[in-house]
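Reader: I have a model open and would like to go through its charged contacts and its pockets. Can we take them in turn?

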Amino acid sequence: MTDQSVSPAELKGAGEWLAVHGLTDVQPTPLLATRLAVRQRARLAAAVLLAAFIIAVALVYTFARPHGPAADGSGSYRHWSLLVLTAVVAGLVLAQSLLDRRVRQVDRRVGATLPRRAAHPVRPGWRTVLGRARAAFAVATFAGAMLLAIGALTVLDSTARYAALVLLIGLCGAAVVTVVQLRHVLTHPVVAEDEASLTTDVVMRVEDAREVTTPSLVWCLPVASVLDTVPGWWVFAWCLFVALSAVSLALITVWTGLAARRRGTPLAPR
C-alpha cells in the first residue's frame, strides 16, 4: 500500500476518526485510512441493501396480500410470495457476505504490504469486541421481536396471519445477516504492525460490532408488513418493545462509554 493510493480526504478522515476515539497520540497512516475507507463504503452499501430489503418485503406483502373474500379470512395464503420473500432473504445474506468479503480482501491487501506483522497476545473474542451487555441485548431484541411476530399469528384474520408470516421471514433474515456480520467482525485478520495499529484494530472491531447489533432493521420491519392488519394491542406492544429496546441500547452505550473511560481505553466493552 503506497501513500499515492490514499486520497488526502481519506487520510484526513482517518485523523478525525482517531480524534473522535481519543487516539490523538496515534498518527493517521495510509493503512488506517484505507481500512476505514473500505468500511465506510461497505456500511453505506449495507444501509442501501437493508433499505432495498425493507422495500422488497413491503412489495411482496402488498402484491400478495389477500383481497376480497380472502381478506375476511376465507381465502388461502399466496405461498409463492413467501417463497419469493425467502429468496430475497437469501439474496440479502449473499450480498452482505460479498460486502464482508470485500473488506477482508482490502485488509489482506494492505496487510501484505507491512514490513512486519503484530498480533494480539489473545485474539479478541466476542466478550472483548461485543461485550456481554450488547450480546444479551441483541439476543433479547430478536427473541422479543420473534415472540411478538408469533403472537400475531394467533390472530384469526387471515390477512394478519399472512402479514405475521412475512414479518417472521424478514426477522429470520435479519438474524442471519447479523450472525454473518458478527462472524466477519470476529474472524477477519488482524492488520497491524505495532501497538498503536493493534489498538486501532480493536477499536474498529468494537465499532463494527456495535453497528451490527443496532436493531434498526428489526424495528422497521413491521412498518412494511403487519401494522395495518394486527389489532391495537399488538401495535401497542410493539411500540412498547421498540421504546424499551431503544432505552436499553442508550443505557448500554452510556454505561460502556463510562466503563471504557474509567479503564482509559477507547470503546472497550466487557
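**Salt bridges and pockets**

Author: In this predicted model, aspartate 208 and arginine 39 form a salt bridge through their side chains, with N to O at 3.3 Å. Aspartate 208 belongs to helix 7 and arginine 39 to helix 2, 169 residues apart.

Reader: Is arginine 43, which forms a salt bridge with aspartate 208, buried or partly exposed?

Author: The closest N and O atoms of arginine 43 and aspartate 208 are 2.6 Å apart. Arginine 43 lies in helix 2 and aspartate 208 in helix 7, so this pair ties together parts 165 residues apart in sequence. Buried means under 20% relative accessible area, and exposed over 50%. Arginine 43 has 28%, so the residue counts as partly exposed.

Reader: How many residues apart are arginine 35 and aspartate 107?

Author: Their side chains meet in a salt bridge at 3.0 Å, N to O. Arginine 35 is buried at 1% relative accessible area, and aspartate 107 is buried at 0%. Arginine 35 sits in helix 2 and aspartate 107 in helix 3, and the distance along the chain is 72 residues.

Reader: Which element gives the largest share of the lining of the second largest pocket?

Author: The second largest pocket holds about 210 Å³ of space. Of its 13 lining residues, those closest to the centre are Gly13, Trp17, Leu36, Ala37 and Gln40. Helix 1 (8-20), helix 2 and helix 7 each supply at least two lining residues. The largest share, 6 residues, comes from helix 2.

Methods. Residues are numbered from 1 along each chain as its sequence is written. This is a predicted model: local features need pLDDT of at least 70, side-chain atom pairs count only at pLDDT 80 or more; totals for chains, interfaces and linings use all residues. Side-chain values use heavy atoms; hydrogens and water are left out. On a 1 Å grid over the protein atoms alone, a cavity is a set of points where a 1.4 Å probe fits but cannot get out, and a pocket is an open set with protein on both sides within 12 Å along at least five of seven lines; lining residues have an atom within 4 Å of a point. Grid points are joined across faces, edges and corners, and a volume is the space filled by probe spheres set on the points. Helices (H or I, at least four residues) and strands (E, at least two) are DSSP runs, numbered from the N terminus. A salt bridge is a side-chain nitrogen of Lys or Arg within 4 Å of a carboxyl oxygen of Asp or Glu. Buried means under 20% relative accessible area, exposed over 50%, partly exposed in between (1.4 Å probe, protein chains only).
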